[in-house]
Amino acid sequence: MKRIILFAALMLGFVGFAAAQSVTLLMDEAYPPYSYAENGKPKGIYVDIIMEAAKLAPDYTITLKPLPWKRALAQMESGEEFALFPPYYRPEDRPWMDYSIPLLTETVAMFVTQDMASKKSLSKWPDDFKGMRIGLQSGYATLSDEEKAMFTMSQASDIVANLKKMAAGRIDGHPNDKLSVMWTLENNRSDPTLKDLKIEPAAVISEEVAYLAFSNTKNQSFPYREDFISKMKAAVEQLKQSGKLQEIIDSWTK
């Protein structure tokens with residue numbers, strides 16, 4: 001009898017394991033410390049949050065796929081993949097995306113060199129910055145179309161590339177998340193180009209909520225979509241209520 005009970009328990013465990021649904025989440029490969037790839041391995045604050053939340057949703061086995069941001073957005077728009085983090089809320093620009101699970105609120109600032117800040121009054125955004133050469137990160141919706149029209153714009157693939165442009169005097173400012181820019185600079189001081197670069201957040205542009213978002217283009221291809229969203233939303237909320245989410249943030253910022 002004991003052998004029968006043990007066999008039944010093992011079979012139930014096997015069935016439970018086999019029933020776990022595999023889910024792929026796209027992630028930004030170049031947005032440290034929130035979401036990035038190091039030697040191909042997913043890392044960052046949002047990676048830790050998502051994987052901790054996944055422990056509370058055992059019906060799903062989550063795989064993270066780092067990609068360049070613009071490519072990730074294209075795969076979401078086509079419906080090739082169904083989930084992505086961490087876009088900002090842009091429903092008019094991206095009607096093919098549902099912003100279902102808020103993760104964190106980020107502060108977007110305009111960074112300039114300390115030399116630029118010392119030479120020009122930059123207390124009022126965006127008027128005091130009008131006419132500057134601004135470097136954007138490709139695919140990032142950090143400025144409105146009206147704001148972009150006030151500047152000479154260029155784009156680069158990531159924060160490091162824009163910081164190098166600032167160091168070389170090719171651009172005057174770079175708008176991006178405050179923590180991400182400062183973290184990136186301090187973790188790349190070994191680069192001779194950035195060793196002595198001094199920058200500061202001259203103005204806060206906005207506060208933006210970053211999301212775990214979902215494509216709404218080919219829902220029939222992902223029949224588990226609504227159940228996954230529901231369970232992950234509950235899991236992230238549980239992390240917030242328990243204080244675990246703040247612990248994850250603190251582990252990266254203190």
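Two rings of Phe, Tyr or Trp, with the six-membered ring taken for Trp, form an aromatic pair if their centres lie within 6.5 Å. With that definition in hand, the tour of this predicted model may begin.

**Stop 1: a cluster of rings**

Select Tyr-60, Phe-82, Phe-214, Phe-222, Tyr-224 and Phe-228; ring pairs link these residues into a cluster. The structure as a whole holds 20 aromatic pairs.

A pair of aromatic rings is described by the distance of the centres and the angle of the planes. Consider first the rings of Trp-69 and Tyr-140: their centres are 6.0 Å apart and their planes stand at 45 degrees, so this pair is tilted. Trp-69 belongs to helix α3 (residues 69–78), while Tyr-140 sits in the loop between β8 (133–137) and α5 (145–148); the pair thus links distant parts of the chain, 71 residues apart. Are these two residues buried or exposed? Trp-69 counts as buried because its relative accessibility is 7%, and Tyr-140 is buried with a relative accessible area of 9%.

Return now to two members of the cluster. Phe-82 and Phe-214 form a tilted aromatic pair, with 5.5 Å from centre to centre and 55 degrees between the planes. Phe-82 lies in the loop between α3 and β6 (83–85) and Phe-214 in strand β11 (residues 199–215), so the pair ties together parts that are 132 residues apart in sequence. Phe-82 counts as buried at 1% relative accessibility, and Phe-214 is buried with a relative accessible area of 0%.

**Stop 2: the cavity**

Rolling a probe the size of a water molecule over the atoms shows where empty space is left. The structure holds one cavity of 30 Å³ or more, and about 90 Å³ of space lies in the largest cavity. Which residues should be selected to see what lines the largest cavity? They are Asp-28, Tyr-31, Trp-69, Pro-86, Pro-87, Tyr-88, Arg-94, Gly-139, Tyr-140 and Ala-141. By type, the lining divides into seven nonpolar residues, one polar and two charged. Both Trp-69 and Tyr-140, the tilted pair from the previous stop, appear in this lining.

**Stop 3: the largest pocket**

Keep Tyr-140 selected and turn to the largest pocket, which has a volume of about 440 Å³. Of the 23 residues that line this pocket, the closest to its centre are Asp-93, Tyr-140, Ala-141, Leu-143 and Lys-148. The elements α3, β8, α5 and β11 each give two or more residues to the lining. Which element gives the most? It is α5, with four residues. The lining of the largest pocket divides into seven nonpolar, seven polar and nine charged residues.

**Stop 4: strand β10**

Next, select Asn-176, which lies in strand β10 (residues 173–177). With a relative accessible area of 1%, Asn-176 is buried. Leaving out residues up to four places away in sequence, Asn-176 touches several residues, including Tyr-31, Phe-111, Tyr-140 and Ile-159. Gln-137 is also among the residues that Asn-176 touches, and a polar contact of 2.8 Å joins the side chains of Asn-176 and Gln-137. The C-alpha atoms of Asn-176 and Gly-135 are separated by 9.8 Å, although the two residues are 41 residues apart along the chain.

His-174 also lies in strand β10. What joins the side chains of His-174 and Asn-176? A polar contact of 3.2 Å does. His-174 is buried, with a relative accessible area of 0%. Beyond residues up to four places away in sequence, His-174 touches, among others, Met-110, Gly-135, Gln-137, Asn-162 and Met-166.

**Stop 5: helix α2**

Select residues 45–54, which form helix α2. Seven of the 10 residues are buried, so this helix is largely enclosed by the rest of the structure. The buried residues in α2 are Ile-45, Tyr-46, Val-47, Ile-49, Ile-50, Ala-53 and Ala-54.

**Stop 6: a partly exposed threonine**

Finally, select Thr-193, located in the loop between α7 (178–186) and β11. Why does Thr-193 count as partly exposed? Its relative accessibility is 40%, and partly exposed is the range between under 20%, which is buried, and over 50%, which is exposed. Apart from its neighbours within four places in sequence, Thr-193 is in contact with Lys-164 and Ala-167. The C-alpha atoms of Thr-193 and Leu-163, 30 residues apart along the chain, are separated by 8.9 Å.

Technical notes: Residues are numbered from 1 along each chain as its sequence is written. This is a predicted model: local features need pLDDT of at least 70, side-chain atom pairs count only at pLDDT 80 or more; totals for chains, interfaces and linings use all residues. Side-chain values use heavy atoms; hydrogens and water are left out. On a 1 Å grid over the protein atoms alone, a cavity is a set of points where a 1.4 Å probe fits but cannot get out, and a pocket is an open set with protein on both sides within 12 Å along at least five of seven lines; lining residues have an atom within 4 Å of a point. Grid points are joined across faces, edges and corners, and a volume is the space filled by probe spheres set on the points. Ala, Val, Leu, Ile, Met, Phe, Trp, Tyr, Cys and Pro count as nonpolar, Asp, Glu, Lys and Arg as charged, and the others, Gly among them, as polar. Buried means under 20% relative accessible area, exposed over 50%, partly exposed in between (1.4 Å probe, protein chains only). Rings of Phe, Tyr and Trp (its six-membered ring) pair if their centres lie within 6.5 Å; planes under 30 degrees apart count as stacked, over 60 as edge-to-face and the rest as tilted. Contact means heavy atoms within 4.5 Å. A polar contact is a pair of N or O atoms within 3.5 Å; within protein, one must be able to donate a hydrogen and the other to accept it, and residues adjacent in sequence count only if both atoms are side-chain atoms.
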